[in-house]
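Reader: I would like to go through the strand pairing and the charged contacts of this protein with you, step by step. Could you show me the chain before we begin?

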Amino acid sequence: MHDKYFLLVSKDNPLTERTSVRYRDLQDELFYMLNNEYTMTQITKANCHKAGFDPIIKLIVNRTDIMGDLVAKGQGVAVIAGGRWRFENNPDLKTLDLEDGDNDFDIVMITKKDAYLSYPAKYFRDFCKKRCPGLSCGLS
């Protein structure tokens, strides 16, 4: 599946009047991020550096849903990878496209052909098919 990073802001953030932003527009924002072990964090920092600034990190958290809860309170912004649908129905949040930077990524699921798949693996495969209609796949 091909997807893009997006910016998560609170409904009260002045950026909500826009549909997309550039990284340089975020230089004065406070960021919520995952720790440095996550590619999403490394890419976000690199994109900020390319835009000429170091992100101001308000807090490092361990889950994107927590990031969403904090952003909804108007305390900062977050760059999130994938799963945009998780936040789009929250009236306290808005998702914005990122116009520049390295924001594209691919998610791949590989299994052996005709190999046994456990019930949880089948459930996950079916979940992906439903949530990600753009899957180009040989998933059966």
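Author: A salt bridge is counted here when a side-chain nitrogen of Lys or Arg is within 4 Å of a carboxyl oxygen of Asp or Glu. Please keep in mind throughout that this is a predicted model.

Reader: Which residue forms a salt bridge with lysine 11?

Author: The cut-off to satisfy is 4 Å, and the closest N and O atoms of the pair in question are 3.6 Å apart. Lysine 11 lies in the loop between S1 and S2, while its partner lies in the loop between helix H3 (85–88) and S6, so the contact ties together parts that are 81 residues apart in sequence. The partner of lysine 11 is aspartate 92.

Reader: Is lysine 11 buried, exposed or partly exposed?

Author: Buried means under 20% relative accessible area and exposed means over 50%, with partly exposed in between. Because its relative accessibility is 45%, lysine 11 counts as partly exposed.

Reader: How many bridges join strand S1 to strand S6?

Author: Strand S1 covers residues 2–10 and strand S6 covers residues 93–98, and the two run antiparallel. Within this pairing, phenylalanine 6 stands opposite aspartate 97. The number of bridges that join S1 to S6 is five.

Reader: In S6, which residue is the bridge partner of serine 20?

Author: Strand S2 (residues 20–21) runs parallel to S6, and two bridges join them. In S6, the residue that pairs with serine 20 is aspartate 97.

Reader: Which residue forms a salt bridge with aspartate 97?

Author: The closest N and O atoms of this pair are 2.8 Å apart. The contact links distant parts of the chain, 13 residues apart, with aspartate 97 in strand S6 and its partner in the loop between strand S5 (78–81) and H3. Aspartate 97 itself is partly exposed, with a relative accessible area of 39%. The residue that forms the salt bridge with aspartate 97 is arginine 84.

Reader: How many residues apart in sequence are the parts that glutamate 99 and arginine 22 tie together?

Author: Glutamate 99 forms a salt bridge with arginine 22, the closest N and O atoms being 3.8 Å apart. Glutamate 99 lies in the loop between S6 and strand S7 (104–106) and arginine 22 in the loop between S2 and strand S3 (30–33), so the parts tied together are separated in sequence by 77 residues.

Reader: How many salt bridges does the structure hold?

Author: Among them are the contacts of lysine 11 with aspartate 92 and of arginine 84 with aspartate 97. The number that the structure holds is seven.

Conventions. Residues are numbered from 1 along each chain as its sequence is written. This is a predicted model: local features need pLDDT of at least 70, side-chain atom pairs count only at pLDDT 80 or more; totals for chains, interfaces and linings use all residues. Side-chain values use heavy atoms; hydrogens and water are left out. Two strands pair if DSSP finds at least two bridges between them. Helices (H or I, at least four residues) and strands (E, at least two) are DSSP runs, numbered from the N terminus. Buried means under 20% relative accessible area, exposed over 50%, partly exposed in between (1.4 Å probe, protein chains only).
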